[in-house]
Amino acid sequence: MTQTQIAGLTKAELSEFVRELGEPAYRAQQIFTAVQQRRARSFDGITNLPKELRVKLSEHTAVSTLRLESRYISTDGTRRYLMKTHDDRPVETVFIPEERRDTICFSSQSGCPLQCTFCLTAQLGLLRNLTAGEIVEQIIVALNDAYSEGVQTPRGTNLVGMGAGEPFLNFDALLKAIRIIGDAEGLHIVANRITVSTAGIAPRIRELAAIPNRPHLAISLAAPTDELRNELMPINKKWPLDELLDACKEFEQSLKPGERFTFEYVMLKGVNDSNEQARQLANLLNRHSLRAKVNLIPHNPAEPLPYQPSPEERVESFREILESKGVQAFVRKPRGRDILAACGQLAARSAAPVSIQQQPR
Ligand code: SF4
């Protein structure tokens, strides 16, 4: 396995790489455009490079390092890709087509070190951090599968860093990938179309606030009290709610006009979904006077997780209580549940509906 991953190089790094190979500078631009804009997956497909150069490049680097193992298609059109890295670590990505745009949910780690009890990924533990190239490649693989290599996407693409892993524990690779993905001569998906979700790494929330052209922020809350959150999301013992929400308050200073950040609240039947807990949540957010909205996410059940989703009427009255206390709340529709592609279900498992073995493009 060659070490350099072309998809994870910024334009400046690619120029340096090409210079070291003794090639003229304009070759860097040709390679960047081919990989990041036309989404080429092999040097063979970059036909404006001389054959000898393609051979030379293949000796030093690789365009595609992720191997597509399986693709699952949900009855609602959502697609889940199970890929493997060069060292055989699972990587999962989800493509969610919507009327006006597509959303790609990418992973930042293979597995996850955090132990959220409602999440299947937690059961894998941390296998390793993904590289910037492996994060970028996930977007390329999903877009190529939906629209074919080289074809311009017909709709806008939004990205959410809500797949496997805690993105803020792989911060540098994440930020680098976001810079590469946003390049106007590449995929050109700007940070404003990207949302990154954290389980609550408070210091990173503060760091993110200071970054120009940063992505949007979502925070997974899951509980209105420390007692329950310690149980559901043990990371809370390190950064309890008040500390987390103080960091959010600081982050609020960096919001642009009209921008809000999001709290994600997974709804677990009989665990965190009572009227009393809705009031506690509203009081908590109001006490910190945060300009945020709450997304209520019905839990996606998966064996052996011990939870069931809250019934629809329960979710609705929870939402109404939040709204009545001035907290904007929305109910998120689960997507891709049947193929284990929904939130909290990514654990490199196979699923019953359409599974198509396919080579990466
Ligand atoms: S919910 Fe997110 S942070 Fe928590 S274990 Fe799952 S992947 Fe990790």
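Me: Before we get to the ligand, what counts as near a molecule here?
Reply: A residue is near a molecule if one of its heavy atoms lies within 4 Å of it. This is a predicted model, in which local features need pLDDT of at least 70 and side-chain atom pairs count only at pLDDT 80 or more, while totals for chains, interfaces and linings use all residues. Residues are numbered from 1 along each chain as its sequence is written, and side-chain values use heavy atoms, with hydrogens and water left out.

Me: Which residues are around the ligand, then?
Reply: They are Cys112, Leu114, Cys116, Cys119, Ala122, Gly165 and Ala199.

Me: And the core, which residues touch the most other members?
Reply: In the largest nonpolar core (buried Ala, Val, Leu, Ile, Met, Phe, Trp, Tyr and Cys residues joined through side-chain atoms within 4.5 Å, buried being under 20% relative accessible area with a 1.4 Å probe and protein chains only), these are Phe118, Phe261, Phe263 and Val294, out of 101 residues. Helix H4 (residues 132–147; helices are DSSP runs of H or I, at least four residues, and strands are runs of E, at least two, numbered from the N terminus) gives the largest share of this core, nine residues.

Me: Switching topic, where is the cis peptide bond?
Reply: It joins Glu303 and Pro304, with omega about 0°, and Pro304 is found in the loop between strand S13 (292–298) and helix H10 (312–324).

Me: What about the phi of Ser289?
Reply: Phi of Ser289 is near 35°, a positive value in a residue other than glycine, and Ser289 is in the loop between helix H9 (275–287) and S13.

Notes. Buried < 20%, exposed > 50% of the residue type's maximum accessible area, 1.4 Å probe, protein only.
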